[in-house]
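This report covers salt bridges, cysteines, internal space and surface features, in that order. Please read it alongside the sequence and the model.

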Amino acid sequence: MYNFNDSQLRRYDRHFRLRECGFKGQGKILESSVLIVGAGGLGSPVGLYLAAAGVGHIGIIDEDKIELSNLQRQIIHTSAEIGTLKVESAHKKLNALNPDIQITTYPTMLNASNALEIFKSYDVIVDGSDNFATKFLINDACMLLNKPYCYGGILRFSGQCMSIKPRQSACYACVFDTPPSEGSVPNCASAGVFGSVAGILGSIQATEVLKIITDIGEPLYNQLLSFNALDMNFRKIKLKRSPTCRVCGENGITTLKDYANPQCNL
């Protein structure tokens, strides 16, 4: 049993009161480590909720600097920090929220040469990226390292999420196979995104991560949750792992590669 101090007993009181979580579950949270890929629209709420919950070690990787157009949805950053690194801003906010946790920042771009080295230190990975190249790379690295992770994506008024347990549930490539062709799919920069949609999806991702850590409930394995904020319609699509998947199948990948990032400017 985790040896909680007086401050922790007060801070996590509402978790202790949950029969499904209690002292055992909170102990698992405090001993866990989570890497968040992206400190933007999704990474902001994910980071804040995981820090508040007491995840013992949070890593954040993002090479970008804060721009004014980010602030409509990236709630962890402020106007005064425009021009500074997103990971530095996120580190400051998460540390202020919960000074007891360890935070590691990586002000670099995730790529095939550094993904395995960074990922290996964490129990769970969170996809808060905004491009297909990174999403496919995250999936590949997690399959090679046998790391559970939570995928998330947003565009306009919609969001979708799924959790992946390597070799046991459908992976991202089982569902989407390969990145779309150049010019075929818009991104948030070109098509826009309703700011609060990032908060909804990021909160769902944080909840999925805490469920995976504590072994509470049923994570979104073999399920794609999607929602449309315009009518608040949520639905689940049942998925199935493909034995011939090019990534996690019997003849799946053995090394990482960088993917091309398709662009579509509407």
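## Salt bridges

The count comes to 9 salt bridges, a salt bridge being a side-chain nitrogen of Lys or Arg within 4 Å of a carboxyl oxygen of Asp or Glu. The model is predicted, so local features need pLDDT of at least 70 and side-chain atom pairs count only at pLDDT 80 or more, while totals for chains, interfaces and linings use all residues. Residues are numbered from 1 along each chain as its sequence is written, and side-chain values use heavy atoms, with hydrogens and water left out.

Arg246 and Asp177 form a salt bridge through their side chains, at 3.7 Å from N to O. This pair links distant parts of the chain, 69 residues apart: Arg246 is in the segment after strand S8 (233-238), and Asp177 is in the loop between helix H8 (172-176) and helix H9 (188-191). Helices (H or I, at least four residues) and strands (E, at least two) are DSSP runs, numbered from the N terminus. Arg246 is partly exposed at 25% relative accessible area, and Asp177 is partly exposed at 40%. The classes are buried (under 20% relative accessible area), exposed (over 50%) and partly exposed in between, with a 1.4 Å probe and protein chains only.

Asp13, Arg14 and Arg17 are joined into one network by salt bridges that share partners. Within it, the side chains of Arg17 and Asp13 meet at 2.6 Å, N to O. Arg17 is exposed at 63% relative accessibility, whereas Asp13 is buried at 18%. In another salt bridge, Asp127 pairs with Lys135, and their closest N and O atoms are 3.0 Å apart. Asp127 and Lys135 are both buried.

## Cysteines

The structure holds 0 disulfides, a disulfide being a pair of cysteine sulfur atoms within 2.5 Å. Cys150 is in no disulfide, and its nearest cysteine sulfur, that of Cys161, is 3.5 Å away. Cys150 is buried, with 0% relative accessibility.

Why does Cys171 form no bond with Cys245? The sulfur of Cys245 is the closest cysteine sulfur to that of Cys171, but at 3.7 Å it is too far for a bond. Cys171 is also buried, with a relative accessible area of 0%.

## Cavity and pocket

The whole structure contains 1 cavity of 30 Å³ or more. On a 1 Å grid over the protein atoms alone, a cavity is a set of points where a 1.4 Å probe fits but cannot get out; a pocket is an open set with protein on both sides within 12 Å along at least five of seven lines, and lining residues have an atom within 4 Å of a point. Grid points are joined across faces, edges and corners, and a volume is the space filled by probe spheres set on the points. The largest cavity holds about 40 Å³. Its lining includes Ile36, Gly43, Ile60 and Leu94. Helix H4 (43-53) gives the largest share of this lining, 3 residues, and helix H5 (86-97) supplies at least two.

The second largest pocket holds about 360 Å³. Of its 18 lining residues, His15, Leu18, Ile29, Ala53 and Leu210 lie nearest its centre. Helix H2 (13-16), H4 and helix H10 (195-214) each give two or more residues to that lining, and H10 gives the most, with 6.

## Loop residue

Arg156 lies in the loop between strand S5 (149-155) and strand S6 (158-164). Arg156 is partly exposed, at 45% relative accessible area. From Arg156 to Asp258 the C-alpha to C-alpha distance is 27 Å, with their positions 102 residues apart in sequence.
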